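This briefing is intended for a reader who has the sequence and the coordinates at hand. Please view the structure below alongside the notes.

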Amino acid sequence: MVAALELYLDTAATRRIRVLWDALEAEGVQSMRSLLEQRHRPHVSLAVAPRLDPEQVATALAGTTVAVPLRLSFQYAGQFVGRVLWLGPVPTPELLAHHRRVHARLAAAGVTLVEHYQPGRWVPHCTLSMRVPAALMAVAVRRCLEILPLEATVTAAALTDHARNISHPLP
């Protein structure tokens, strides 16, 4: 399992993504809703690591607002290797700058993060499913396109590690 700094979305956007999760499940695609005893919330992860110490992260980010009320415009669906399906927000200069600021603070504090989430490599996304069967990918993508575009605002943030039952709100 992994730990992450997650950005949460406003109520309307969260509701629409949960409806999409249900539509995917109805098509036979396991969504994020059914993983980890339904503890997932729709989110965009800013940083990921095998393990994060909540106190070290809080100290590193002291004085930084992680839950900046960024406007996110989800305009496309994507797939990562391994059949991971996601919705992608437009990577605006504001979103990318916020990502760089958070990573700079964490790096300065010696927090080690997964390479794929580093500035310059990060693909902002909201994961919908971790394992879309190849035969259902076209159906799953079609379901995603039915809700796009999706406008959202970041309303909250947290450090999470579901394997260790950690959900630590961040400012």
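The notes that follow treat the overall fold, the strand pairing, the enclosed and open spaces, and two individual residues.

The model is predicted. Its chain contains four helices and seven strands, and these succeed one another in the order β-α-β-α-β-β-α-β-α-β-β. With a radius of gyration of 16 Å, close to the 16 Å that the globule rule gives for 171 residues, the chain is as compact as a globular protein of that length.

**Overall dimensions and packing**

- Taken along the principal axes, the box filled by the C-alpha atoms of the chain is roughly 45 × 30 × 30 Å.
- Of the 171 residues in the chain, 48% are buried.
- Among contacts in the chain with a separation of 6 or more, 80% are between residues 24 or more positions apart.

**Strand β6 and its partners**

- Strand β6 covers residues 150-161, and nine of its twelve residues are buried, so the strand is largely enclosed by the rest of the structure. The cut-off behind this statement is a relative accessible area under 20% for a buried residue.
- Strand β1 runs antiparallel to β6, and six bridges join the two. Within this pairing, Leu9 has Val154 of β6 as its bridge partner.
- Strand β3, made up of residues 71-80, is also antiparallel to β6 and is joined to it by four bridges. Here Leu72 is matched with Ala152 of β6 as bridge partner.
- Strand β7, residues 166-170, pairs with β6 in the antiparallel sense over five bridges. Leu159 has His168 of β7 as its bridge partner, while Ala158 stands opposite Pro169 of β7.
- The strands β6 and β7 form a hairpin, with four residues between them. In the turn, Asn165 has a positive phi of about 55°.
- As background to reading these strands, side chains in a regular strand alternate between the two faces of the sheet.

**The cavity**

- Rolling a probe the size of a water molecule over the atoms shows where empty space is left.
- The structure has one cavity of 30 Å³ or more, and the volume of the largest cavity is about 40 Å³.
- The lining of the largest cavity consists of Trp21, Met32, His40, Arg41, Pro42, His43, Cys126 and Thr127.
- By class, this lining comprises four nonpolar residues, three polar residues and one charged residue.

**The largest pocket**

- The largest pocket holds about 580 Å³ of space.
- Its lining has 22 residues, and those nearest the centre of the pocket are Val2, Met32, Tyr117, Thr127 and Met130.
- Strands β1 (3-9) and β2 (43-49) are the elements that contribute two or more residues to this lining.
- The pocket lining divides into 13 nonpolar, seven polar and two charged residues.
- Met32 and Thr127 appear both in the lining of the largest cavity and among the residues nearest the centre of the largest pocket.

**Two residues in detail**

- His99 is located in helix α3, which spans residues 93-108. Its relative accessibility is 2%, so His99 counts as buried.
- Setting aside residues up to four places away in sequence, His99 touches Leu46, Tyr117, Gln118, Pro119 and Trp122. One of these, Tyr117, is also listed among the residues nearest the centre of the largest pocket.
- Gln79 belongs to strand β3. At 47% relative accessibility, Gln79 counts as partly exposed, because that class lies between the 20% limit for buried and the 50% limit for exposed residues.
- Apart from neighbours within four places in sequence, the contacts of Gln79 are with Val84, Trp86 and Met137.
- Gln79 and Val141 are 62 residues apart along the chain, and their C-alpha atoms are separated by 9.0 Å.

How values were computed. Residues are numbered from 1 along each chain as its sequence is written. This is a predicted model: local features need pLDDT of at least 70, side-chain atom pairs count only at pLDDT 80 or more; totals for chains, interfaces and linings use all residues. Side-chain values use heavy atoms; hydrogens and water are left out. Two strands pair if DSSP finds at least two bridges between them. On a 1 Å grid over the protein atoms alone, a cavity is a set of points where a 1.4 Å probe fits but cannot get out, and a pocket is an open set with protein on both sides within 12 Å along at least five of seven lines; lining residues have an atom within 4 Å of a point. Grid points are joined across faces, edges and corners, and a volume is the space filled by probe spheres set on the points. Ala, Val, Leu, Ile, Met, Phe, Trp, Tyr, Cys and Pro count as nonpolar, Asp, Glu, Lys and Arg as charged, and the others, Gly among them, as polar. The radius of gyration is taken over C-alpha atoms; the globule rule is 2.2 Å times the number of residues to the power 0.38. Buried means under 20% relative accessible area, exposed over 50%, partly exposed in between (1.4 Å probe, protein chains only). Contact means heavy atoms within 4.5 Å.
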